[in-house]
Amino acid sequence: MTVSLPLVLILGFFVWGAIKFLGVRPWIVVLIALFGFWLSHTFLAPAIESGTRSGVGVVNGPHD
């Protein structure tokens, strides 16, 4: 059985866990999210996207 989850759902789960169990303050989460949003509009965006796709590909493994 294959379950497909969007990456943003998985990241949201980790954010919830960080706030709930690690005591990370919500304003820090908002600040990091804004940084990621602004970073996506820079020259580093293609490298970040390809690195993320490669990492997801490694985790998923080859599909036969």
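User: Why is Leu-7 called partly exposed and not buried or exposed?
Analyst: Leu-7 has a relative accessible area of 42%. Buried means under 20%, exposed means over 50%, and partly exposed covers what lies in between, with a 1.4 Å probe and protein chains only. The 42% of Leu-7 falls in the middle class, so Leu-7 is partly exposed. The model is predicted, so local features need pLDDT of at least 70 and side-chain atom pairs count only at pLDDT 80 or more, while totals for chains, interfaces and linings use all residues. Residues are numbered from 1 along each chain as its sequence is written, and side-chain values use heavy atoms, with hydrogens and water left out.

User: Where is Leu-7 found, and how far is its C-alpha atom from that of Ser-54?
Analyst: Leu-7 is in helix α1. Its C-alpha atom lies 13 Å from that of Ser-54, although 47 residues separate the two along the chain.

User: What makes α1 agree with the span expected of a helix?
Analyst: The helices are DSSP runs of H or I with at least four residues, numbered from the N terminus. The expected span is 1.5 Å times one less than the number of residues. For the 15 residues of α1 that gives 21 Å, and the end C-alpha atoms are 21 Å apart, so the two values agree. Just after α1, Gly-23 has a positive phi of about 80 degrees.

User: How do α2 and α3 come out by the span rule?
Analyst: Helix α2, residues 26-39, has 14 residues with an expected span of 20 Å, and its end C-alpha atoms are 20 Å apart, which agrees. Helix α3 has 16 residues and reaches 22 Å from its first C-alpha to its last, close to the 22 Å expected. Gly-61 follows α3 with a positive phi, near 75 degrees.

User: Why is α2 said to lie largely in the open?
Analyst: The number of buried residues among the 14 of α2 is zero, so the helix lies largely in the open. Ala-33 belongs to α2, and its relative accessibility of 51% puts it in the exposed class. Ala-33 and Lys-20 are 13 residues apart in sequence, with their C-alpha atoms 17 Å apart in space.

User: What makes Trp-16 and Phe-21 an edge-to-face pair?
Analyst: Rings of Phe, Tyr and Trp (its six-membered ring) pair if their centres lie within 6.5 Å; planes under 30 degrees apart count as stacked, over 60 as edge-to-face and the rest as tilted. By this rule there are three aromatic pairs. In one of them, Trp-16 and Phe-21, the ring centres are 5.7 Å apart and the planes stand at 90 degrees, so the pair is edge-to-face. Phe-13, Phe-14, Trp-16 and Phe-21 form one aromatic cluster.

User: Are Trp-16 and Phe-21 buried or exposed, or which class applies to each?
Analyst: Trp-16 is partly exposed at 47%, whereas Phe-21 is exposed at 62%. Phe-21 sits in helix α1. Phe-21 and Val-56 are 35 residues apart in sequence, and their C-alpha atoms are 26 Å apart.

User: How do you know that Arg-53 and Glu-49 form a salt bridge?
Analyst: A salt bridge needs a side-chain nitrogen of Lys or Arg within 4 Å of a carboxyl oxygen of Asp or Glu. The closest N and O atoms of Arg-53 and Glu-49 are 3.1 Å apart, so the pair qualifies. A search of the whole structure finds one salt bridge. Both residues lie in helix α3, residues 45-60, four residues apart, which is about one turn of the helix. Arg-53 counts as exposed at 59%, and Glu-49 as partly exposed at 43%.

User: Which residues line the largest pocket, and which class has no members there?
Analyst: The lining has 13 residues, and those closest to the pocket centre are Leu-5, Leu-7, Ile-10, Val-56 and Asn-60. By class the lining holds seven nonpolar, six polar and no charged residues. Helices α1 (7-21) and α3 each supply at least two of the lining residues, and α3 gives the largest share, five residues.

How values were computed
1 Å grid on protein atoms, 1.4 Å probe; cavity = no way out; pocket = protein on both sides within 12 Å on 5 of 7 lines; lining within 4 Å. Nonpolar A, V, L, I, M, F, W, Y, C, P; charged D, E, K, R; others polar.
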